[in-house]
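Colleague: I am new to this one. Please walk me through it.

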Amino acid sequence: MDKIILLPTRSNHPAYLRPAINLKGKIEMKTKALFFALVLALSAGVASANDIQVNAGAITQDTAHPYGHLFIHDAGAFTDTIDFTIPSGSLQSSANPLLVSLGGTDVYKIINLAYSVYDGTSVSPGASYGTFLGDNTTHDLALAGAGAYHIIVSGSAVGSMGGSYGVAIVSGVPEPETYAMMLGGLGLMGVIVRRRKSRV
């Protein structure tokens, strides 16, 4: 039988993972400590209730630093709302359920995740821009312009401890091809106007 030697740690926090090394040099992790650390990591700094309302404020155009939020729900159906403003008339958005399983049991699992984008705030909603599946697909949306919008996310948490999902949104920046097409169109309109003036 191998001896197990516990390495000293700098933390007395119960979620701190203490690796054990047996005499053959294999690293083993305590399953309960690993599970506890995972639960703490998922719940740190996020809300855990059904029907969550979030005000994301002004959304950046920096795709390297989008607005992102992790939601954790108790078991059951939920409907979350995210209010935000954008500086331009386009939006990139994505949502994805996170599956956490342990020993064949789904601890955090969401099914039927979908979200809808609306004009205006959740208090005074406007036109709908469509409903999209929460399947980690990025959706590019042309919106009415800069201003207030909101997203409504719905689904069902069916894991033993509920469910978790993440959302990322960024105010869209037109691609260089879009600028080239716009400039080409303006140039073409200038040629047409010039020809009409020369005929008169």
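Colleague: How many aromatic pairs does a search of the whole structure find?

Modeller: Keep in mind that this is a predicted model. The search covers the whole structure. The number of aromatic pairs it finds is five.

Colleague: Is the pair of tyrosine 115 and phenylalanine 132 stacked, edge-to-face or tilted?

Modeller: The ring centres lie 5.6 Å apart. The angle between the planes is 40 degrees. Stacked needs under 30 degrees and edge-to-face over 60, so this angle makes the pair tilted.

Colleague: How many residues apart in sequence are the parts that this pair ties together?

Modeller: Tyrosine 115 sits in strand S10, residues 110–120. Phenylalanine 132 sits in strand S11, residues 125–133. The pair therefore ties together parts whose separation in sequence is 17 residues.

Colleague: Are tyrosine 115 and phenylalanine 132 buried or exposed?

Modeller: Tyrosine 115 has a relative accessibility of 2%. For phenylalanine 132 the relative accessible area is 14%. Buried means under 20%, so both residues count as buried.

Colleague: Which residues do ring pairs link into a cluster?

Modeller: This cluster is built from ring pairs. Its members are Phe71, Phe78 and Tyr165.

Colleague: Tyr165 is also a contact of histidine 69. Which other residues does histidine 69 touch, leaving aside neighbours within four places in sequence?

Modeller: Histidine 69 lies in strand S5. Its side chain also has a polar contact of 3.5 Å with the side chain of tyrosine 67. Beyond the neighbours within four places, and besides Tyr165, histidine 69 touches Val54, Gly166 and Val167.

Colleague: What does histidine 69 count as, by its accessibility?

Modeller: Its relative accessibility is 21%. Buried would need under 20% and exposed over 50%. Histidine 69 therefore counts as partly exposed.

Colleague: Is histidine 73 buried or exposed?

Modeller: Histidine 73 lies in strand S5, residues 67–73. Its relative accessible area is 0%. The cut-off for buried is under 20%, so histidine 73 is buried.

Colleague: Which residue's side chain does histidine 73 join through a polar contact?

Modeller: The contact runs between two side chains. Its length is 2.6 Å. The partner of histidine 73 is aspartate 80.

Colleague: Over which residues is the pLDDT below 50?

Modeller: The mean pLDDT of the protein is 77, and 65% of its residues reach 70 or more. One stretch falls below 50, yet has 59 contacts in the model beyond near neighbours in sequence. Where pLDDT is low, predicted coordinates should not be read in detail. The stretch in question is residues 1–48.

Conventions:
Residues are numbered from 1 along each chain as its sequence is written. This is a predicted model: local features need pLDDT of at least 70, side-chain atom pairs count only at pLDDT 80 or more; totals for chains, interfaces and linings use all residues. Side-chain values use heavy atoms; hydrogens and water are left out. Helices (H or I, at least four residues) and strands (E, at least two) are DSSP runs, numbered from the N terminus. Buried means under 20% relative accessible area, exposed over 50%, partly exposed in between (1.4 Å probe, protein chains only). A polar contact is a pair of N or O atoms within 3.5 Å; within protein, one must be able to donate a hydrogen and the other to accept it, and residues adjacent in sequence count only if both atoms are side-chain atoms. pLDDT is the predictor's confidence in each residue, from 0 to 100. Contact means heavy atoms within 4.5 Å. Rings of Phe, Tyr and Trp (its six-membered ring) pair if their centres lie within 6.5 Å; planes under 30 degrees apart count as stacked, over 60 as edge-to-face and the rest as tilted.
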